Amino acid sequence: MQKLLSFSVAKSAKILGRLSSRLHSTRGRPSAPLGSRILTKNDDIFKYNMWDHVQWTEEEEENARQKAKENSSTQIPLKEQGKFDVEACEYWDKFYKMHQEKFFKDRKWLFLEFPELLPCGTKGQNTNGRLGDQQASHPQPTGSTTDTKTTHHHRNTDPPNHQGAAPEKNEAPTQTHTFPGQQSSFRILEVGCGVGNSVFPILSSIKESDAYLYCCDFSPCAIRLVKDHPDYSDSMCHAFVHDICEEMASFPFPPESLDVILAVFVLSSIHPERTQGIVKRLSTYLKHGGIFLFRDYGRYDFSQLRFKKGRCLSENFYTRGDGTCVYFFTKGEVHDLFSSAGLEEIQNLEDRRLQVNRGKKVAMHRVWMQSKYRKL
C-alpha cells in the first residue's frame with residue numbers, strides 16, 4: 001500500500017512539474033487557439049520550424065504594404081481575367097491529376113482548433129499536430145461543380161448575384177423525401193474538400209458516433225480520389241461534385257439540416273465578388289445554432305508578398321502560374337462576410353506566425369485568418 005501511495009504521489013508530482021514547465025515556457029498561454037510556441041529575444045529562431053503569435057514591427061508592416069503595392073501595380077487586363085473564373089474547375093482538375101493526393105498533408109491540427117467538428121461526448125483523434133506545420137504553399141480549391149450526374153467544366157459567366165438563391169425553407173433537396181445521412185443526429189459539410197485532407201481525420205474521429213460527413217469539390221478528379229481512399233465509407237460520408245459558385249446548384253440535403261460547415265483555404269480561391277453570396281447560400285443549410293468554421297489566407301502573408309508583377313487580378317487577388325487563384329483577407333473583411341450573412345461571431349482571429357526554413361536559414365512571416373460564426 002505504501003509503495004502504491006508513493007508511486008501515486010511521484011506520478012502526480014511529475015505531471016504537475018510538466019504542467020508548470022509548460023505554462024512557464026508559454027507565459028501562461030493555453031495550447032489553443034493558434035499554438036503556444038512563443039519566440040523571445042533569447043530564443044534561437046532556427047530551433048523550431050514555426051513560432052506562434054508573432055508581433056510585427058512598424059517597419060515590417062510598412063515593408064509588407066509596399067511589397068503588396070508593388071506587385072499589384074500591374075494587373076492582368078480585364079479581357080484576360082475571365083478565364084480564371086470561368087475555367088477554374090479545369091485548372092484545379094489539372095492540379096489534382098498532376099499531384100494526386102501527394103501535395104497536401106492531412107490536417108492533424110483540425111480538432112485542436114475546431115473541436116466543434118465533433119459531436120458532444122466524442123473523443124477526437126491525436127491533436128498534437130501543430131497547426132502551422134500542416135500548412136502548404138497552396139490553398140485548397142473551391143467547392144465544386146454540378147450534381148452527381150453531370151459535370152460542368154465552365155461556370156456561369158453572368159455577374160454574381162450577391163443575394164444568393166436561398167432555397168425555400170421546405171424545399172426538398174431531391175425528388176425523393178430521403179437523403180444521405182438523414183438518420184444521423186449530427187451532420188457536417190466540408191466545402192472544397194480536395195482529396196480529403198480534412199475528410200479522413202474527421203471520419204477517423206466520428207466513426208464511433210452518430211455523425212455524418214458530406215464533402216464536395218468541383219474537381220471530379222479530387223472527388224474520385226476521395227472515394228477511392230481505403231478509409232472512405234458510404235455509411236459515414238457522402239462525397240459529391242459541386243460548385244459552390246453555382247447559385248442554382250442543389251445539395252443532397254435540405255436547408256437547416258447541418259450542424260457544422262467547414263471551409264479551409266476555400267473562399268480565398270474564389271473571386272472576392274462571389275464570396276458574400278456563397279456564404280449566404282451556405283448559411284441557409286445550417287441549423288439554428290449551427291457553426292460555420294473558416295480558415296484561410298490573411299493580408300500580407302508571405303505567399304502574397306512573393307508574387308511577381310503581372311500576376312494580380314484585382315486588389316489583393318492574384319493568379320498563380322497554374323491558373324489557380326488566391327485572395328488575402330483582413331479580419332474586418334471576414335467579419336463583414338459572415339455577419340452580413342446573419343451569423344454571430346464566436347471567434348475571429350488573425351494568426352501571425354514565423355515559419356522557418358532551418359536548412360536555408362530563412363524566416364517567413366505567415367498570416368492566416370481563423371474564424372467561427374454561429375447561425376442565430
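Select strands S3 (residues 211-217) and S4 in this predicted model: the two strands pair in the parallel sense, and five bridges connect them. Within this pairing, display Tyr-214, which stands opposite His-238 in S4. Next, extend the selection along the chain to helix H7 (residues 220-228), through which the path crosses from S3 to S4. This β-α-β crossover is right-handed.

Now restrict the view to strand S4 (residues 237-241) and show its side chains. Which residues point one way from S4, and which the other way? Cys-237, Ala-239 and Val-241 point one way, whereas His-238 and Phe-240 point the other way. Residues on both sides are buried. Because five of the five residues of S4 are buried, this strand is largely enclosed by the rest of the structure.

Zoom out to the sheet as a whole. The open sheet has eight strands in the order S1-S10-S11-S6-S5-S2-S3-S4, and its pairing is mixed. Strand S1 (50-51) and S4 are the edge strands, each of which pairs on one side only. S4 is thus seen from two aspects: an edge strand of the sheet, and a strand with five of its five residues buried. In general, the strands of a sheet pair through backbone hydrogen bonds, in either a parallel or an antiparallel arrangement.

Move to the other edge by selecting S1 together with S10. These strands run antiparallel and are joined by two bridges. Here, Trp-51 stands opposite Leu-354 in S10.

Follow S10 back to the loop that precedes this strand. Gly-342 lies in the loop between helix H10 (331-339) and strand S10 (343-357). Is Gly-342 buried or partly exposed? Its relative accessible area is 42%, so Gly-342 counts as partly exposed. Add Tyr-373 to the selection: the C-alpha atoms of Gly-342 and Tyr-373 are separated by 9.4 Å, and the two residues are 31 apart along the chain.

Finally, select the cysteines. How many disulfides does the structure hold? The structure holds zero disulfides. Cys-237 is accordingly in no disulfide, and the nearest cysteine sulfur, that of Cys-215, is 3.8 Å away. The cut-off for a disulfide is a pair of cysteine sulfur atoms within 2.5 Å. With a relative accessible area of 1%, Cys-237 is buried. Cys-325 is also buried, with a relative accessible area of 4%.

Conventions. Residues are numbered from 1 along each chain as its sequence is written. This is a predicted model: local features need pLDDT of at least 70, side-chain atom pairs count only at pLDDT 80 or more; totals for chains, interfaces and linings use all residues. Side-chain values use heavy atoms; hydrogens and water are left out. Buried means under 20% relative accessible area, exposed over 50%, partly exposed in between (1.4 Å probe, protein chains only). Helices (H or I, at least four residues) and strands (E, at least two) are DSSP runs, numbered from the N terminus. Two strands pair if DSSP finds at least two bridges between them. A crossover is right-handed if, with the strands pointing away from the viewer, the path from the first strand over the helix to the second runs clockwise.
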